[in-house]
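Here is a short tour of the model, section by section. Keep the structure open beside the text and click along.

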Amino acid sequence: FPVTILEKLKKEDLPGQLCAVTAGLMRAEAAKPEGWYDLVHSHYWLSGHVGWVVAERWGVPLVHTMHTMAAVKNSSIAAGESPEPKLRLVGEEQVVTAAKRLIANTNEEANQLITHYGARPESIDVVNPGVDLDVFSPGNKRLAPEKLGLPPDSLPIGFIGRLQKLKSPETTLRAAAEVLKLHPEWSKRLQVLVCGDASGTHGVTPEALIKLAHELDLSANFVYLPPSTREHLRDVYRACDVVTVPSYSESFGRDIVTGK
């Protein structure tokens with residue numbers, strides 16, 4: 001199925017294309033020898049519906065990863081943001097029921113599958129997301145700010161992610177303003193780094209954050225960083241004294257994994 005067509009559609013329009021995507025996938029399978037696939041793994045509820053159909057057609061198990069869950073998102077939505085539609089809630093319930101195995105990224109997500117969707121605990125496996133340690137690893141904390149053009153004595157606070165109301169990058173700026181009220185002596189050192197770009201229907205533009213920084217008297221402390229390479233992102237993480245996750249909800253949960 002032509003991907004370029006899907007790229008021109010809004011997320012809300014994608015359910016209407018599931019038949020076409022399913023047909024395209026089945027045509028691709030028909031070109032393979034019988035029994036070519038051992039299982040189907042789907043990611044996100046839309047692909048879960050496609051996977052449900054083809055898995056039954058091919059006589060193989062469906063393994064599904066939710067990515068995000070409508071029930072969790074709707075339990076805590078940002079001001080001005082629309083809740084996920086009933087269509088998605090019902091669709092996710094159907095996929096959870098149809099799947100032979102469910103892959104949860106964290107224990108919290110596993111609990112949410114059980115609580116919100118009635119998933120059978122024995123059907124869930126928790127597999128923590130991986131990290132490319134060849135790129136994202138501890139490094140020189142002194143050199144990292146220098147690579148970003150920050151003063152050597154700076155105190156960087158970072159927000160890294162999609163700029164949208166759900167992720168609430170504005171909260172990081174407001175929190176930084178409160179920190180400076182408590183510690184005005186840091187006014188020359190505190191740096192608020194926001195790395196990302198507007199995303200989705202409820203995107204937050206860099207211009208809106210620049211305006212908010214001005215309103216909070218943070219213009220001299222605010223640094224906007226557009227999306228870049230993974231190596232550059234690694235330096236942002238290394239430079240920050242604090243990385244914030246102010247999202248209204250994260251359906252993966254917020255398990256913290258530490259290593260020695």
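## Two residues with unusual backbones

Let's start with D217, which sits in the loop between α9 (206-215) and β7. This is a predicted model, and in it D217 has a positive phi of about 60° although it is not a glycine. That's worth a look on screen, since most residues other than glycine have a negative phi. Is D217 buried or exposed? D217 is exposed, because its relative accessible area is 68%, and the cut-off for exposed is over 50%.

Y44 has a positive phi too, near 85°, and it isn't a glycine either. You'll find Y44 in the loop between β1 (40-43) and α3. Its surroundings are another story: Y44 has a relative accessible area of 16%, so it counts as buried; the cut-off there is under 20%.

## The sheet and a helix across it

Now for the strands. Four of them make up an open sheet, ordered β7-β6-β5-β8, with parallel pairing. Which strands stand at the edges? They are β7 (222-225) and β8 (242-244); each has a single partner strand, so one side of each has no neighbour in the sheet. Going from one strand to the next, the twist averages 20°.

Zoom in on β5 (residues 155-160) and β6 (residues 190-195): these two run parallel and are joined by six bridges. One pairing to pick out is L155, whose bridge partner in β6 is L190. Helix α8 (residues 169-182) lies across β5, β6, β7 and β8. Relative to β6, α8 runs at about 180°.

## The nonpolar cores

How many residues does the largest nonpolar core have? It has 21, and V40, V96, L102, L113, Y117 and I124 are the ones with the most contacts inside it. Several elements chip in with at least two residues each: α3 (45-58), α4 (70-74), α5 (86-98), β3 (101-104) and α6 (107-117).

Apart from this core lies another one, of 17 residues. Among its members are L155, V194, A213 and L218. L155 should ring a bell, as the residue bridged to L190 in β6.

## A closer look at I124

Back in the largest core, I124 is one of the residues with the most contacts inside it. What does I124 touch, leaving out residues up to four places away in sequence? The list is R101, L102, A104, A110, L113, I114 and A119. Of these, L102 and L113 are also among the residues with the most contacts inside the core.

Technical notes. Residues are numbered from 1 along each chain as its sequence is written. This is a predicted model: local features need pLDDT of at least 70, side-chain atom pairs count only at pLDDT 80 or more; totals for chains, interfaces and linings use all residues. Side-chain values use heavy atoms; hydrogens and water are left out. A nonpolar core is a set of buried Ala, Val, Leu, Ile, Met, Phe, Trp, Tyr and Cys residues joined through side-chain atoms within 4.5 Å. Buried means under 20% relative accessible area, exposed over 50%, partly exposed in between (1.4 Å probe, protein chains only). Helices (H or I, at least four residues) and strands (E, at least two) are DSSP runs, numbered from the N terminus. Contact means heavy atoms within 4.5 Å. Two strands pair if DSSP finds at least two bridges between them. Axes are lines fitted to C-alpha atoms, for helices over the stretch in contact, and angles run from 0 to 180 degrees between N-to-C directions.
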